[in-house]
Amino acid sequence: MEVKHFSHEHPLCHAEVKEEDGFICSGCESGLSGSAYKRTFSYCDFLLHDSCFKLAPLIQHKSHPHHPLTLLPTPPYDGFGFTCEACLYFGHAFVYHCAACQFDLHVGCASLSETVKRDDHEHPLVLSFSAYIGEDKIFICDVCHGEVPESCWVYYCQGCDYGTHLDCITTEANPEEKEEEQEAERDEEQEAEEEGTEYSVAEVESRLKLLQLRMQLAQQNAQSIIDAGRMLSRLAG
């Protein structure tokens, strides 16, 4: 059965698409597989995920609470693409847009879950609409160890100060990088211990020198007493 979508002039039909076919969704610009809608004309390469076909035409998003966002089939910027406020990546296709604020979101970013659980972290990570964590502080992704711009959205556990890029949330941490990080921590601990040991040796040496000085003074005092006694003996004789 043929259906129409507001974003495209040609009728579409439902189909099952294989990942190995290499199709790209014309809505979210991601790889396409599974349930989809495709063109009925052979000369047209328009395809949509089933989920992109069913996107709401108007949404209210927590990241932009003052105005609703409208689904547009193409960016409204005179033939140019748009920069997503969530991930800062460029886009050329579907966009949730606020005309009053020039605020834009990829449809995928607008649909992100508010909480996500990773196998390598004990607590759920909460979607945060900013990577700002304080003055003169830089948010570092705990998966790829890359810097995250302050305006980017992140998944974050405040209690553990653990967080990730949006596109790292489903990525496994590199075991080699994790091992290197642990080795660096061990080296820092060892250096701290060595610094503490050096300080202790220096302190002992200082105390030994002080003790030696006191012994020398005591010996000089004893010799002075002996000399004084001898002198008194001579005078008495």
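A good place to enter this structure is a single pairing: leucine 127 has tyrosine 155, in β15, as its bridge partner. Keep in mind as we go that the model is predicted. Leucine 127 brings us to strand β12 (residues 125–128), which pairs with β15 in the antiparallel sense over three bridges.

Tyrosine 155 has a bridge partner in β16 as well, namely threonine 164. Strand β16 (residues 162–165) and β15 are joined by four bridges, again in the antiparallel sense. Between these two strands of the hairpin lie four residues, and aspartate 161 takes a positive phi near 55° there. As background, strands of a sheet pair through backbone hydrogen bonds, either parallel or antiparallel.

Now look at where the side chains of β15 go. Val154 and Tyr156 point one way, while Tyr155 and Cys157 point the other way, and all of them are buried. That fits a familiar pattern: in a regular strand the side chains alternate between the two faces of the sheet.

From here, let's step into the interior. The largest nonpolar core has 46 residues, and the members touching the most others are Leu48, Tyr96, Leu105 and Leu166. Strand β15 (residues 154–157) supplies the largest share of this core, with four residues. In general terms, nonpolar side chains tend to be buried together in soluble globular proteins.

Leucine 105 is worth a visit of its own. Setting aside neighbours within four places in sequence, its contacts include Tyr96, which is another of the core members just named. Leucine 105 also touches His61, Ser63, Leu69, Phe82, Cys84, Glu85, Ala86, Val95, Ala110 and Trp153.

Next, turn to the sheet built from β1, β2, β3 and β4. These four strands form an open sheet in that order, with antiparallel pairing. β1 (2–3) and β4 (47–49) each have a single partner strand, so one side of each edge strand is left without a neighbour in the sheet. Inside this sheet, six bridges join strand β2 (residues 12–17) to strand β3 (residues 34–39). Histidine 14, for instance, has tyrosine 37 in β3 as its bridge partner.

Finally, zoom out to the whole protein chain. It has three helices and 16 strands. Of its 237 residues, 31% are buried. Among contacts between residues at least 6 apart in sequence, 45% join residues at least 24 apart. The chain exposes about 16000 Å², and carbon and sulfur atoms supply 53% of that area.

Methods:
Residues numbered from 1 in each chain as written. Predicted model: local features only at pLDDT ≥ 70, side-chain atom pairs only at ≥ 80, totals over all residues. Heavy atoms only, no water. Core = buried A, V, L, I, M, F, W, Y, C linked by side-chain atoms within 4.5 Å. Buried < 20%, exposed > 50% of the residue type's maximum accessible area, 1.4 Å probe, protein only. Contact = heavy atoms within 4.5 Å. Pairing = 2+ DSSP bridges. Areas by Shrake-Rupley, 256 points an atom, 1.4 Å probe, with all protein chains shown as cover.
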